[in-house]
Amino acid sequence: MLWSAQSDEVLVSVVEGLQVLVAAAAAVEAGAVVEAEARDLAKERLHFGSTGDWLTHAGGLRKGEGKKRLVRARALTGSMDRVRRGLLAGRVSPGQADLIVASVEALPTNPFLRARGEKLMVASAAYLDATDLARTGRHLLHVVDPHGEDRRLERALEREERAAHLSRYLSITEDGAGGIRLKGYGSVEDGAVLRAALLPMTAPRPAGDVDDDGEPCAQLKDPREH
């Protein structure tokens with residue numbers, strides 16, 4: 001096309017229309033990328049080290065950029081559906097989407113708080129460029145968690161939970177006298193699962209529904225020993 005022969009309106013509409021297409025393509029790419037990662041295609045079929053490496057190669061990107069796109073894709077197909085819809089509508093650019101994802105991930109993990117932060121930043125993307133939107137994200141974090149204490153506590157808790165998970169074990173040993181000894185260690189979640197399974201078995205079980213005279217009795221003693 002001879003662009004010098006086109007009107008101002010055509011030039012403006014082409015450039016703006018292409019930005020919408022680029023944004024929509026990023027949203028479509030996110031769904032395909034996450035599914036490809038779920039199938040482990042990059043390693044199993046294409047023989048790359050990771051999905052991020054494959055994206056870097058396929059797009060001719062800078063090293064690390066493929067991993068960044070993968071992070072964005074996981075967020076868009078996960079909790080940040082508002083950002084995905086903004087991309088599809090052309091109201092959010094891929095660069096702005098990356099900033100929103102990073103800013104929301106930096107917030108404390110309270111779902112309501114993150115949803116409000118995402119909503120604010122998507123609305124701000126309509127009139128702020130990526131540079132100013134990054135400032136908005138930093139300001140949001142400063143207001144919500146000015147000293148980073150909430151996130152530090154969450155990271156410490158995550159480390160403790162990981163350590164507890166990795167240290168899990170269960171030992172069942174026969175004592176040679178017809179019995180067994182149980183010994184183990186697990187996380188808080190493991191304990192909740194075990195209690196949910198075992199507590200119903202420890203509830204008192206009445207011996208019957210009637211007493212010796214054939215009368216209904218709701219408080220007959222459980223005949224089993226401890």
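**Stop 1: L87**

Select L87 in this predicted model. Show its contacts, leaving aside neighbours within four places in sequence. On one side of the list are V20, A23, A24, A26 and A27. L76 is there too, along with V92, S93, P94 and A97.

Keep L87 on screen and add M80, V83, V92, I100 and L133. These six, L87 included, are the residues with the most contacts inside the largest nonpolar core. That core has 25 residues. Which elements give two or more residues to the core? Colour helix 1 (8–38), helix 4 (65–76) and helix 5 (81–89). Then add helix 6 (94–106), helix 7 (111–124) and helix 8 (130–144). Helix 1 supplies the largest share, 5 residues. As background, nonpolar side chains in soluble globular proteins tend to be buried together.

**Stop 2: helix 1**

Now select helix 1 from end to end. Its 31 residues should span 45 Å at 1.5 Å a residue, and the end C-alpha atoms are 46 Å apart, so the two values agree.

Which residues of helix 1 are buried? Pick A23, A24, A26, A27, A30, V33 and A36. Next, show what these buried residues pack against: helix 2 (41–44), helix 3 (51–59), helix 4, helix 5 and helix 6.

Step just past the end of helix 1 to D40. This residue takes a positive phi of about 55 degrees.

**Stop 3: E37 and R74**

Go back into helix 1 and select E37, then R74 in helix 4. Their side chains meet in a salt bridge, 2.4 Å from N to O. The two residues sit in separate helices, so the pair ties together parts that are 37 residues apart in sequence. Are the partners buried or partly exposed? E37 counts as partly exposed because its relative accessibility is 25%. R74 is also partly exposed, at 43%.

In general, side chains of opposite charge can pair when their charged atoms come close.

**Stop 4: R72 and D98**

Stay on helix 4 and select R72. Its side chain meets that of D98 in a salt bridge, 2.8 Å from N to O. D98 lies in helix 6, so select that helix as well. This pair links distant parts of the chain, 26 residues apart.

Check the burial here. R72 has a relative accessibility of 6%, so R72 counts as buried. D98 counts as buried too, at 14%. The cut-off for buried is under 20% relative accessible area.

Now show the other contacts of R72, not counting residues up to four places away in sequence. R72 touches A26, E29 and P94 as well as D98. Two of these names should be familiar: A26 and P94 are also among the contacts of L87.

**Stop 5: more charge pairs**

Move to helix 8 and select D132 and R135. Their side chains meet in a salt bridge, 2.4 Å from N to O. Both residues lie in helix 8, 3 residues apart, about one turn of the helix. D132 is partly exposed, with a relative accessible area of 29%. R135 is partly exposed at 45%.

Then select D81, R84 and R85. A network of salt bridges links them. How many salt bridges does the structure hold? The count is 8.

**Stop 6: the strands**

Select strand 1 (169–174) and strand 2 (180–185). Show L170, I172, I180 and L182 as surface. Together they make a nonpolar surface patch of about 460 Å². The two strands are the elements that give two or more residues to this patch.

Zoom to I172, which is found in strand 1. I172 is exposed because its relative accessible area is 53%, and the cut-off for exposed is over 50%.

**Last stop: the whole chain**

Zoom out and colour by secondary structure. The chain has 10 helices and 2 strands. From the N terminus on, the order is α-α-α-α-α-α-α-α-α-β-β-α.

Turn on the surface. The chain exposes about 16,200 Å², with carbon and sulfur atoms supplying 56% of it. Of the 226 residues, 23% are buried. Finish with the contact map: among contacts with a separation of 6 or more, residues 24 or more positions apart account for 40%.

Notes
Residues are numbered from 1 along each chain as its sequence is written. This is a predicted model: local features need pLDDT of at least 70, side-chain atom pairs count only at pLDDT 80 or more; totals for chains, interfaces and linings use all residues. Side-chain values use heavy atoms; hydrogens and water are left out. Patches are made of residues with over 30% relative accessible area and no salt bridge: like charges are joined within 9 Å, nonpolar side chains (Val, Leu, Ile, Met, Phe, Trp, Tyr) within 5 Å. Accessible areas come from the Shrake-Rupley method with a 1.4 Å probe; for residues, only the protein chains shown count as cover. A salt bridge is a side-chain nitrogen of Lys or Arg within 4 Å of a carboxyl oxygen of Asp or Glu. Helices (H or I, at least four residues) and strands (E, at least two) are DSSP runs, numbered from the N terminus. Buried means under 20% relative accessible area, exposed over 50%, partly exposed in between (1.4 Å probe, protein chains only). A nonpolar core is a set of buried Ala, Val, Leu, Ile, Met, Phe, Trp, Tyr and Cys residues joined through side-chain atoms within 4.5 Å. Contact means heavy atoms within 4.5 Å. The expected span of a helix is 1.5 Å times one less than its number of residues.
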